[in-house]
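Here are my notes on this entry, set out as numbered points that can be checked against the coordinates one at a time.

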Amino acid sequence: MYTILICDDDRDIVSALDIYLTSEGYQTIKAFNGKEAIRAAETHEIHLILMDIMMPELDGIRATAKLREGSNVPIILLTAKSEDTDKILGLNIGADDYITKPFNPLEVIARVKSQLRRYTSLGGAEKGPGLLSAGPIAMDDGAKVVTVDGEPISLTPIEYNILKLLLSHPGQVFSSAQIYEQVWNDPAYGSENTVAVHIRHLREKIEINPAEPRYLKVVWGLGYKIEKGA
Amino acid sequence: MNKLQGNVIAKLCAWAVLLAAAFGAGIFGVRAMLSFGSVADDSWQNSSRYYNAVNERRRELVEGIKLSQQLEQLERQMEEGTASPLAYADAEALREERAKVEEQFSRQNTWFRFRVLTDNGQTLLGTNLNDDEAMIRAVQNVHYFSFELWEGDIYGNASYYDPETGEGYSDPPTAGLNPETEAAPLKLVLEYGVPEKIDDSIQDEFSQIWSMWNMDRAAFDQYLTGFLSLGALILLALVWVLWTAGHRAGAEGTVTTWQERIFFDLYAAVMIASEVCLAACFIWTAEQLYWGAANVYSIPNQDFNGFYKLGVMGAGAFFAAGVGCAALLLRTLAVRLKAGCLGKTTLLCRVVTWMVKTIHDFLRFLPFTWKLVLGFGAYVVFSFWLIAVGRYDGVFMLMYFCLQLVLLLFLSWWAYGYHRLRQGTKTIAKGDLEYQIDTRRMPYDLRLQAEDLNNISAGLSAAVDEKMKSERFKAELITNVSHDLKTPLTSIINYVNLLKSTDQTDPKAAEYIEVLDRKSQRLKKLTEDLVEASKASTGVLSVAREKIGMAQLIDQATAEWEERLTQQRLTLVTTLPEGETWVYADGRHLWRVIDNLLSNCAKYAMEGTRVYLDLERGKGQVALSVKNISREPLNVPAERLMERFVRGEESRSTEGSGLGLSIARSLTELQGGSFDLAVDGDLFKAIVTLPQAN
């Protein structure tokens, strides 16, 4: 039974989120501005916070900064601002994830679940030989098992090998031709366009919102990479 | 400091001190001048006063000799009985007069010493020397005078002899003045002089001159000291007057008076004329006093003392007036200099300035063609003159060389100005509208041109700024509006979703919810596109251009879209050149361009047709073209398709915001590329051209 703090100045959005999260079996606390959120976080045991950015009295960014002073509870920012700079600012200030408005309720639930699993699994997968991880993605090369937030996912051998290549070099950009040569062990003669398709499938399996990937990123015109430190 | 400068009392005091000191200095000055002669000479007998007095004595003596001659003649005639009946009375009168002269020349009454001799020097006719005295020892300078005595008249020539230096002069007897007379003239020589050492025991003009000489010698130093110290005081007061000139208590800056409204040269002329007059008066007074003092014996003493004092005072007044005039002139000069209006208030300067300005303006505002013609004419005339009068020597060569040098310098000046103008124009033409051409030291005509250009560029720059500002404002407005739209839209999407999860008894309700869902999703897409379109077209998006591979990008894009295109039964045909094709672009923006184009294909292409994706490179350019067959007839010109909210079909029944092509074009142009559309029947073709990277 996890308690989730929902904070938004729009009461209808709070109610809608309340309905979704309650139906998923979470307990919710409502707040309508940053100050109420901080007060609620002090008086209750909170496991996750959904926080809007544009709010009266105390905005989401300042509230997040304030909460981070004494807590590492996961915070997901809900933002109507779609500019990159806002997202980067939010993440730098200590938020764990962000969702842009107007959001899909299913995506919200998926992200909430993902954050809760990571928060409660206390450190996640251990580091060790044959163990690779990035964010919620963990790969046990010995057992040939890949988990996302602890949930095992099924991958084809090619998808598995591509993921292994990318995971073992986080932050490095691999072009389709390089991936093809390393995974297929064949020189690439224009047949590398299959790589892109495989990666799209892989992304759909790993990412909550494949159109807006958080971990397996497309570097347009150059290749693909696993986000470093994600 | 300012308070002191503006103090009226201090000013008046300074003027009073100046005039008083000048008056005193004038008095001391004239006295010093009068006594200067006495100091300059070692002997009191070198003064012209002495000469005048001694000459006067000589004249009287000669008159006396003439008298006694006449008396002798008369007595002789009386003895002979040829005299007129009343000759006795005449003789008595003559005797009286002679006695008076003898009295005058007696040793008891004068320091004058004389001897009268016949011209051979043998016979002594008369003297006032003692018997044991020699003339040469009795007096300082012995003067000689020879003259001829006829009956009743004297013709003489002065001769001077200085026994100390041996110098002397002698005028020859005036020829032709001797009338024809039966009696031979009596030739006489007069020796006379005055002793060097005299005193007040005998009162005559010489004792007077001597005592004045002594007094002058004693007093000169005092006079000079007085004059110099008062002169210093005058200078001090003058400095004060000049320092405070033009300042007034409670007034900022320099205050001018009516005096400064008079032209300076006129003022100065009047003042200098006054100075000359006053100086003449001063000198005239001094001269009068000098001679007056020398001839004092002929004027009763009391009267002369009054006259002398008055004269000295008058000289002081003249001097004071002169100093006052000079001070006034200097004061107005100082005020004019302080106010910086000396040139403006000088008639000559005004006239010259006016003439120079008129000629300058005439030349300056002359049409350029006329300037050229006149300038060239002047050059030709000067050259011809030089050649015509030239003697073809060094000077000629030097002048000719100078002429050419001046011409060269002038042309270089022009050429340099033109070069700057050209550079500036080029810079502005390249788009730097902020650039201002430096017009300093430019020829006048070029400067006009440059200034006009600067004005144009400033106006243009302001217009562009204005446009940019309004575009930015528009983008901001759209961003804010869409942000405000997003919050209610979030609620709509969420509650529609909730509705979907509830059970609906009416089967139609599920259908309606489906419509709501679709339209809310479209609204979402529309607001996102709107923000992006406005940002892309106003250029507020940041562009990070780097070297990216087109083949890789097309590969990635194909992977994203292949599935959806296949659903629409569209076949994607990709043609790529050998190897990777590199371009300079922002990967995310270029992806959006291709994304929009492929999304267009998915939306508007006729089902079952092929979509061609061709990449070509050459001439430093890379062209990506997307071709498809439109489902609906494309009865819209290609240009209009790129306008916002325009779609190939007018019914707007299909999904899509109508912003896709507009965004694609703006993003392409942001990255320095070009975006072209071509419509040929139902064939729709979009070409993205980007600069190739090596």
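1. In this predicted model, helix α3 of chain B (residues 48–80) packs against helix α4 of chain B (residues 87–104) with the two axes 9 Å apart and at an angle of about 150°. Because angles over 145 degrees count as roughly antiparallel, α3(B) is described as roughly antiparallel to α4(B). The crossing of α3(B) and α4(B) is left-handed.

2. The contact between these two helices involves, on the side of α3(B), residues including B:Glu60, B:Gly64, B:Leu67, B:Leu71, B:Leu74 and B:Met78, while the residues of α4(B) that they meet include B:Ala87, B:Ala91, B:Leu94, B:Arg98 and B:Val101. Sorted by class, the contact of α3(B) with α4(B) has eight nonpolar, five polar and six charged residues.

3. A second helix pair, in chain A, can be described in the same terms. The axes of helix α3 (residues 60–68) of chain A and helix α4 (residues 84–93) of chain A cross at roughly 20° and come within 9 Å, and α3(A) and α4(A) are therefore roughly parallel to each other. Their crossing is right-handed. From α3(A) the contact takes A:Ile61, A:Thr64 and A:Ala65, and from α4(A) it takes A:Leu89, A:Gly90 and A:Ile93; by class there are four nonpolar and two polar residues in this contact, and no charged ones.

4. Chain A also holds an open sheet of four strands, in the order β6-β7-β8-β9, with antiparallel pairing. Its edge strands, each of which pairs on one side only, are β6 (131–134) and β9 (151–153) of chain A, and the twist from one strand to the next averages 25°. Four bridges join β6(A) to strand β7 (residues 137–140) of chain A in the antiparallel sense, and A:Ser133 has A:Ala138 in β7(A) as its bridge partner. Helix α6 (residues 157–168) of chain A lies across β6, β7 and β8 (145–148) of chain A, and runs at about 75° to β6(A).

5. Is helix α17 (residues 660–670) of chain B largely enclosed or largely open? Ten of its eleven residues are buried, so α17(B) is largely enclosed by the rest of the structure. The buried residues of α17(B) include B:Leu661, B:Ile663, B:Leu667 and B:Leu670, and also B:Arg665. Among the elements that cover the buried residues of α17(B) are the helices α13, α15 and α16 (638–641) and the strands β12 (674–680) and β13 (683–691), which belong to chain B. Just after α17(B), B:Gly672 takes a positive phi of about 85°.

6. The last point concerns the contact between the chains, to which chain A gives 25 residues and chain B gives 28 residues. On the side of chain B that touches chain A, the elements giving two or more residues are α12 (444–501), α13 (507–538), β7 (546–549), α14 (550–567) and α15 (587–604) of chain B. Of these, α12(B) gives the most, with eleven residues. The residues on this side of chain B comprise eleven nonpolar, eleven polar and six charged ones. Two of the elements named here, α13 and α15 of chain B, are also included in what covers the buried residues of α17(B).

Conventions. Residues are numbered from 1 along each chain as its sequence is written. Chains are lettered from A and ligands numbered from 1 in the order in which they are written. This is a predicted model: local features need pLDDT of at least 70, side-chain atom pairs count only at pLDDT 80 or more; totals for chains, interfaces and linings use all residues. Two strands pair if DSSP finds at least two bridges between them. Axes are lines fitted to C-alpha atoms, for helices over the stretch in contact, and angles run from 0 to 180 degrees between N-to-C directions. Two residues are in contact if their C-beta atoms, placed from the backbone, lie within 7 Å. Ala, Val, Leu, Ile, Met, Phe, Trp, Tyr, Cys and Pro count as nonpolar, Asp, Glu, Lys and Arg as charged, and the others, Gly among them, as polar. Angles under 35 degrees count as roughly parallel, over 145 as roughly antiparallel, 65 to 115 as roughly perpendicular and the rest as oblique. A crossing is left-handed if the near helix is turned anticlockwise from the far one by less than a right angle, and right-handed if clockwise. A residue is buried if 20 or more other C-beta atoms lie within 10 Å of its own, exposed if 12 or fewer, and partly exposed in between; C-beta atoms are placed from the backbone.
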